[in-house]
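User: Please take a close look at one residue of this model, and then work outwards from there to the parts around it. I am in my first year, so give the cut-off for each term when you use it.

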Amino acid sequence: GITRDSVLHRMARHQWTDVIRTNLDSVFNMTRLVIDGMRSRSFGRIISISSVNGRKGQFGQANYAAAKAGLVGFSKAVALEGAAKGITCNVIAPGYINTEMVAAVPKDILDTKILPLIPVGRLGTAEEIARCVVFLAADEAGFITGACLDANGGQYMAT
């Protein structure tokens, strides 16, 4: 995913479009390429990566939050369409993960505005998110579809 952060009243059209095209259109493009094969095999696992900010919103990220929230609605619809054909469609919504994108956040912002909001007191790891993907991709997860797995250290707890 990408970010092009700006408050909405200053956001340029290209900032909106770049983020929506990268973070939401890409999921349509990839899923559309594989759905017919999954339907013909009567099996498939579609797993999209959203964000905690798509679940709760984030100041200066109307574009990013909209795109990442859109993944949840998209996945619920595709889950309904694919269920009878053995296809599951789920979302993982990570919190702040120790990646290049988060490493670009100034340390003072990370220490004062992000980490204090994460109850476990640390950033997540890519390996922790990978384990979520492996779980949802497993045969044993065949009864889970249309779900969003929040992996965010307690930063946002959905009901």
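Analyst: Serine 42 counts as partly exposed because its relative accessible area is 42%; that class lies between buried, under 20%, and exposed, over 50%, with a 1.4 Å probe and protein chains only. The model is a predicted one, in which local features need pLDDT of at least 70 and side-chain atom pairs count only at pLDDT 80 or more, while totals for chains, interfaces and linings use all residues. Residues are numbered from 1 along each chain as its sequence is written, and side-chain values use heavy atoms, with hydrogens and water left out.

Serine 42 sits in the loop between H1 and S1. Such labels stand for DSSP runs, numbered from the N terminus: helices are H or I runs of at least four residues, and strands are E runs of at least two. The backbone at serine 42 has a positive phi of about 55°, although this residue is not a glycine.

The elements on either side of this loop, helix H1 (13-41) and strand S1 (44-49), both help to cover the buried residues of H3. Others in that cover include helix H2 (52-56), strand S2 (87-94), helix H4 (100-103) and strand S3 (148-151). H3 itself runs over residues 62-82, which makes 21 residues. From its first C-alpha to its last it reaches 30 Å, close to the 30 Å expected at 1.5 Å a residue; the expected span is 1.5 Å times one less than the number of residues. The buried residues of H3 include Asn63, Tyr64, Ala65, Leu71, Val72, Val78 and Gly82. In an α-helix there are 3.6 residues a turn, so residues three or four places apart point the same way.

Glycine 82 belongs to helix H3. Glycine 82 is classed as buried because its relative accessible area is 3%. Between the C-alpha atoms of glycine 82 and glycine 44 there are 8.5 Å, although the two residues are 38 apart along the chain.

Glycine 44 also appears among the contacts of threonine 88, a residue of strand S2. Besides Gly44, threonine 88 touches Arg45, Ile46, Ala141, Gly142, Ile144 and Thr145, once residues up to four places away in sequence are set aside; contact means heavy atoms within 4.5 Å. With a relative accessibility of 4%, threonine 88 counts as buried.

Next to threonine 88 in the sequence is cysteine 89. Cysteine 89 is buried, at a relative accessible area of 0%. A search of the whole structure for disulfides finds zero, a disulfide being a pair of cysteine sulfur atoms within 2.5 Å. For cysteine 89, the nearest cysteine sulfur is that of cysteine 148, 11 Å away. Cysteine 132 is in no disulfide either, and the sulfur of cysteine 148, the nearest to it, is 10 Å away. Cysteine 132 is buried as well, at 14% relative accessibility.

At the other end of H1, serine 6 lies in the segment before that helix. Serine 6 counts as buried because its relative accessibility is 14%. Leaving out neighbours within four places in sequence, its contacts are Met11, Gln15, Gly60 and Gln61. Serine 6 and alanine 62 are 56 residues apart in sequence, yet their C-alpha atoms are 8.0 Å apart in space.

H1 and H3 also meet the largest pocket, which holds about 850 Å³ of space. The elements giving two or more residues to its lining are H1, S1, H2, H3, H4 and helix H5 (107-114). A pocket is found on a 1 Å grid over the protein atoms alone, as an open set of points with protein on both sides within 12 Å along at least five of seven lines, and lining residues have an atom within 4 Å of a point. The lining counts 40 residues, and Thr3, Ser51, Asn53, Tyr64 and Met101 lie nearest the centre. H1 gives the most to the lining, with seven residues.

Notes: On a 1 Å grid over the protein atoms alone, a cavity is a set of points where a 1.4 Å probe fits but cannot get out, and a pocket is an open set with protein on both sides within 12 Å along at least five of seven lines; lining residues have an atom within 4 Å of a point. Grid points are joined across faces, edges and corners, and a volume is the space filled by probe spheres set on the points.
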